[in-house]
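Subject: A structure for you to look at

Hi there,

Here is the structure I promised to pass on. Have a look at it first, then read on for what turned up.

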Amino acid sequence: MDEMKYEKVGEANNRAEADVIESFLEAEGIDVELIEESVSYTSYAVPMVRIQIFVPIENIEQARELLKSF
């Protein structure tokens with residue numbers, strides 16, 4: 001079985017937040033993969049999407065350190 005090359009570093013509450021985190025990490029030279037977990041709707045019909053954030057295993061500690069401010 002192949003080893004996983006990416007590890008989950010966190011989650012975002014919506015796509016906009018995930019995009020900010022993705023841009024921040026990529027500016028630091030870390031590749032990012034975003035995975036949409038699920039879609040639900042509030043009473044106002046505004047989509048709320050949980051986004052899982054994955055980075056390469058070799059960058060996991062650096063990413064965690066950088067994301068402490070989030």
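Below is a short tour, from the overall layout to the charged side chains.

**The layout**

Keep in mind that this is a predicted model. The chain averages a pLDDT of 85, and 79% of the residues score at least 70. Confidence varies along the way: helix H2 (residues 60-66) has the highest mean pLDDT of the elements, 96, while strand E2 (residues 33-41) has the lowest, 73. As a rule of thumb, predicted coordinates should not be read in detail where pLDDT is low.

You should be able to pick out two helices and three strands. Starting from the N terminus, their order is β-α-β-β-α. The chain has 70 residues, and 30% of them count as buried. If you take the contacts with a separation of 6 or more, 64% of them are between residues 24 or more positions apart. One example to find on screen is Glu 7 and Val 55: these residues are 48 apart along the chain, yet their C-alpha atoms are separated by 5.6 Å.

**Helix H1**

Next, zoom in on H1. This helix has 13 residues and reaches 18 Å from its first C-alpha to its last, close to the 18 Å expected at 1.5 Å a residue. Which residues of H1 are buried? They are Ala 18, Ile 21, Glu 22 and Leu 25. These four cover an arc of only 105 degrees around the axis, so they sit on the same side of H1. A bit of background helps here: an α-helix has 3.6 residues a turn, so residues three or four places apart point the same way. On the face turned away from the buried side of H1 you'll find the exposed residues Ala 16 and Ala 27.

Glu 22 deserves a second look, as a charged residue in that buried set. Glu 22 has no salt bridge, and the nearest side chain of opposite charge, Arg 15, is 4.9 Å away. That fails the test because a salt bridge needs the nitrogen and the oxygen to be within 4 Å. Leaving out residues up to four places away in sequence, Glu 22 touches Val 32 and Leu 34. Glu 22 and Ile 53 are 31 residues apart in sequence, and 8.0 Å lies between their C-alpha atoms.

**The salt bridges**

Side chains of opposite charge can pair when their charged atoms come close. How many salt bridges are there in this model? The count comes to seven, and here are some to look up.

Try Glu 11 and Arg 50, whose side chains meet in a salt bridge at 2.4 Å, N to O. This pair links distant parts of the chain, with Glu 11 in strand E1 (residues 6-12) and Arg 50 in strand E3 (residues 47-56), 39 residues apart. Glu 11 is partly exposed at 28% relative accessible area, and Arg 50 is also partly exposed, at 29%.

Arg 15 does have a partner: its side chain meets that of Glu 36 in a salt bridge (3.5 Å, N to O). Glu 36 is in strand E2 and Arg 15 is in helix H1 (residues 15-27), so this pair ties together parts that are 21 residues apart in sequence. Both ends are partly exposed, Glu 36 with a relative accessibility of 48% and Arg 15 with 37%.

In helix H2, Glu 61 forms a salt bridge with Arg 64, with 3.3 Å between the closest N and O atoms. The two residues are three apart in H2, so about one helical turn separates them. Is Glu 61 buried or exposed? Glu 61 is exposed, with a relative accessible area of 55%, whereas Arg 64 is partly exposed at 36%. Salt bridges that share partners join Glu 7, Glu 61 and Arg 64 into one network.

That brings us back to Glu 7, which lies in strand E1 and is partly exposed, with a relative accessible area of 31%. Apart from neighbours within four places in sequence, Glu 7 is in contact with Ile 53, Phe 54, Val 55, Ile 57, Ile 60 and Arg 64.

Enjoy exploring!

Notes. Residues are numbered from 1 along each chain as its sequence is written. This is a predicted model: local features need pLDDT of at least 70, side-chain atom pairs count only at pLDDT 80 or more; totals for chains, interfaces and linings use all residues. Side-chain values use heavy atoms; hydrogens and water are left out. pLDDT is the predictor's confidence in each residue, from 0 to 100. Buried means under 20% relative accessible area, exposed over 50%, partly exposed in between (1.4 Å probe, protein chains only). Contact means heavy atoms within 4.5 Å. The expected span of a helix is 1.5 Å times one less than its number of residues. The arc is that of the directions from the helix axis to the C-beta atoms.
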